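Biologist: Please take a close look at one part of this model, the helix that carries a buried serine, and describe how its surroundings are arranged.

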Amino acid sequence: MWFKQLRLAIVWVIIIFILCNMKPSELPSASYFFKGFDKFVHGSFFFVLTFLLSRGFYLQTKFPLLKLLPVTFATFICLFYGGLIELIQLKVFTYRSGDWSDFIADAVGIHDVDGVLQAALFWLFCGQFVL
């Protein structure tokens, strides 16, 4: 049951879609916390999504290529999804604006997973954490 391994990622996809397409009046002001908080949120959303997809792809057993390259597939899927959300905000939800800087923040969050996983694997196999 490969779907079972991806259920957390699917729930997170739905949460991202809802939160990224809410009316701005329903959201707290991004500058309320600190300047650039909106970009931090975008990066965090996609960091978690990439991690959950990578985990699900690795744990499933039906598709060997997904198990072999989970982070690669998760990266491409998340980049596509981030771009799709920005296009939807631009064309469908007219009260939102598609923004290149949001897409770049998504991409940074996606890329951060790769660095974290590489550091974790290095620590796991070498027995020490070196920065």
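**Ser54 and the helices around it**

Modeller: Ser54 is buried, since its relative accessible area is 5%, and the cut-off for that label is under 20%. The model is a predicted one, and every value here is computed from it. Ser54 belongs to helix 3, which covers residues 37-59. Leaving aside residues up to four places away in sequence, Ser54 touches Pro70, Val71 and Ala74. Between the C-alpha atoms of Ser54 and Leu6 the separation is 9.1 Å, although these positions lie 48 residues apart along the chain.

The aromatic residues of helix 3 come next. In total, the structure holds three aromatic pairs. One of them joins Trp12 and Phe45 in an edge-to-face arrangement, with 6.0 Å from centre to centre and 80° between the planes. Trp12 is in helix 2 (residues 7-20) and Phe45 in helix 3, so this pair ties together parts 33 residues apart in sequence. Phe45 has a relative accessibility of 14% and therefore counts as buried. A further pair consists of Phe46 and Tyr81, which is classed as tilted because the ring centres are 6.1 Å apart and the planes stand at 45°. Since Phe46 lies in helix 3 and Tyr81 in helix 5, that pair ties together parts 35 residues apart in sequence. Phe46 and Tyr81 are both buried.

Helix 5 also packs against another helix. The axes of helix 5 (residues 70-91) and helix 6 (residues 100-126) come within 9 Å and cross at roughly 165°. An angle over 145 degrees counts as roughly antiparallel, and helix 5 and helix 6 are therefore roughly antiparallel to each other. Their crossing is right-handed. On the helix 5 side, the contact is made by Val71, Thr75, Cys78, Leu79, Gly82, Gly83 and Glu86, and on the helix 6 side by Asp102, Phe103, Asp106, Ala107, Ile110, Asp114 and Leu117. By class, the residues of this contact are seven nonpolar, three polar and four charged. Val71 appears in the contact with helix 6 and is also one of the residues that Ser54 touches.

To return to the starting point, helix 3 holds the buried Ser54, and the same helix is tied to helix 2 through Phe45 and to helix 5 through Phe46.

How values were computed:
Residues numbered from 1 in each chain as written. Predicted model: local features only at pLDDT ≥ 70, side-chain atom pairs only at ≥ 80, totals over all residues. Heavy atoms only, no water. Helix = DSSP H or I, 4+ residues; strand = E, 2+ residues; numbered from the N terminus. Buried < 20%, exposed > 50% of the residue type's maximum accessible area, 1.4 Å probe, protein only. Contact = heavy atoms within 4.5 Å. Axes fitted to C-alpha atoms, helices over the stretch in contact; angles between N-to-C directions. Parallel < 35°, antiparallel > 145°, perpendicular 65-115°, else oblique. Left-handed = near helix turned anticlockwise from the far one by under 90°. Nonpolar A, V, L, I, M, F, W, Y, C, P; charged D, E, K, R; others polar. Phe/Tyr/Trp six-rings, centres within 6.5 Å; stacked < 30°, edge-to-face > 60°.
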